[in-house]
Amino acid sequence: MLSEGHYEMTEYIIGNPDEEERDVNRQKMPYPLYPSKAGIKLQFLRDIISRALKTLTVDMDPMPDEIRKDFNLLNLYDAYMGIHLPKNLNEAYLARRRLIFDEFFYLQLARLFQMLDAIGTPMEKEKLLDKYKNHELNTVCVKDWSDLTKSFLKALPYSLTPSQQNAVSEIIWDLKRPVPMNRLLQGDVGCGKTVVAFLACMEVISSGFQAALMVPTELLATQHYEHLLSLLENIGGTECTPSVALLTRSTSSKQSRMVLKGLQMGEIAMVIGTHSLIAEKVEFSALRIAVIDEQHRFGVIQRGKFNSKLYSASPSLRVNWRNLDVSLEDKAYMAPHVLAMSATPIPRTLALALFGDMSLTQITDLPPGRSPVQTLVIEENEIGFEKVFQMMRDELMAGGKVYLVYPIIVESEQLPQLHAATADFQSIPDHFRGYQCGLLHGRMTSDEKDDALRKFRTGETRVLLATQLVEVGVDVPDASMMVVMNAERFGIAQLHQLRGRVGRGERKSKCVFLTSSSVALNRLKVLERSSDGFYLANADLLLRGPGDLLGKKQSGHIPEFPIARLEIDGNILQEAHLAALKVLGTSNDLQLFPKLRAELSMRQPLCILGD
Ligand SMILES: Nc1ncnc2c1ncn2[C@@H]1O[C@H](COP(=O)(O)OP(=O)(O)OP(=O)(O)O)[C@@H](O)[C@H]1O
């Protein structure tokens, strides 16, 4: 016994459980299979568990009765009995559901509790809870957007799709509130998230504040920077155009000194950059929104770095824009809003588990004129290669541009079956005489990378041999074909991302996945059938689990659930989220639920409970 009421197994005898297992079997009742390493005696486990069960009391459940009733939950005592000594399968199932519900519930409760805790007045807490409950009501009409945002919208070379417009309205609704927004914007590849983020930044800038956009690669930072400058050029006289800067590791030291000074003095309204933006030396004068592109590549800690400081509006920024919408509230100090963007459509369940404290905005449509990318999975052999090379030649003759994507940069002795970008760069151009080929990978300098992408964009090179560096956000709208080598090395969601680099304009596009593995051939076929990122992300979640879907970095942020499995228990998670909202709606500081409060501080010790 470690402390009163807390038991832990520290020693056990190792034996052969077979005979005892048969014993239990004879009773024709369902029985739990404990994951026993090296064959711990079943009898020993049963003894110790039944001793533990005897210490439980019927009134041990901290969950309020109302929640138990509303969500059809077993009493906790019955759940422990039902999981260890079920009389029938239904009882075991209900017990399991209750225990899973608790795993999710306390996590959601902790996240929401912490968020409410950071907010001052009870009225604000109420409003925030309302926002989570009725998120569809919280939008602002275009006529109430600021003049700068409206001018930016008018100057776009296209109209927003209905769901882009909704997304902006939802975000602006949040920006107008004196509470830091914490929102996840997601949508399928190429749905146009960037312009939504730009519009949100304009809204903030128009009220005398600064905006920061952080992206995972220098290539993407430069692309967004140039794109924004070209859009701003259309909106009118220079005296009212917000000043925008680029800051990455490759920014020259003289330039970066100027940017740092401009940000500190409030002369720069918006900065686009990589990790460099959260370096110690970067100080803002009046940061009000941090947009984090590819949220899952950064993670929660970096997100937090942006809103660890409080700012009020900057007097220097106010002179920059003619019709500033400065209200009294802007004089108050506040932490910046955070808008995270995710290009891997994260299934809602996973989004809740990872970002239970974030509001969710989804873009559900694609810009008009897009047609699905024709997708083919082809076996990697001589015939397959010749077929693909011919398709590429046809595409080039028809005026298209082709990406060739590789899993590695240089050949590897350990993995001789993998094609490498630099090696193929020596031989592949022979297949496409008359067309220039370019090379793009992570070991090139920033200037070399920008140059390779610029040449591909302008059409100087028509074939680009690249690594998965292009997976993230690269936007060359007239690229019309992609071939992925060793496609078996990539996850489904990742391949969908890669495929999203083509079919971004009006040109009909193709994507070929080459693989030598017959197992992969079948797995990849799902990409031929579907171009819906949410569907595919779900398929990936089921096939490979959340860790692989999100990649190494973010999977470290997935909470551990001893019983629940995110890939199949998503609906319980959604209910637990609603239950947590309901509890906090009744008592935002949990004072009315002392047992729940105690349980929460035990299960989520990092949750600041003020005691
Ligand atoms: N409403 C629209 N109508 C036409 N084109 C649009 C519209 N919105 C965005 N675009 C264009 O669509 C392309 C894709 O947009 P964007 O790069 O923002 O996509 P994204 O959502 O960030 O996707 P990804 O995650 O793949 O980078 C860009 O070339 C952009 O200019």
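## Strand pairing around β13

Two strands are taken to pair if DSSP finds at least two bridges between them. In this predicted model, strand β12 (residues 481-484) is joined by four bridges to β13, and the two run parallel. Within that pairing, Cys 511 of β13 has Met 482 standing opposite. From β12 the chain passes through helix α19 (residues 492-499) before reaching β13, a β-α-β crossover that is right-handed.

Strand β13 also pairs with β8 (residues 374-379), again in the parallel sense, and here the pairing extends over six bridges. One of the bridge partners is Thr 515 in β13, which is matched with Glu 379.

## Burial of β13

Strand β13 spans residues 510-515 and is mostly covered, with six of its six residues buried. The cover applies to both faces: Lys 510, Val 512 and Leu 514 are buried on one side, while Cys 511, Phe 513 and Thr 515 are buried on the other. Cys 511, which stands opposite Met 482, and Thr 515, the bridge partner of Glu 379, thus belong to one and the same face of the strand.

## Confidence of the prediction

The chain averages a pLDDT of 81, and 77% of the residues score at least 70. Over residues 318-324, however, the pLDDT is below 50, although this stretch has 17 contacts in the model beyond near neighbours in sequence. For residues 552-556 the pLDDT likewise stays under 50, and the model has seven contacts for them beyond four places in sequence. Where pLDDT is low, the predicted coordinates should not be read in detail.

For the model as a whole, the scores are ipTM 0.98 and pTM 0.72.

Note on methods: Residues numbered from 1 in each chain as written. Predicted model: local features only at pLDDT ≥ 70, side-chain atom pairs only at ≥ 80, totals over all residues. Buried ≥ 20, exposed ≤ 12 C-beta atoms within 10 Å, placed from the backbone. Right-handed = clockwise from strand over helix to strand, strands pointing away. pLDDT = per-residue confidence, 0-100. Contact = placed C-beta atoms within 7 Å.
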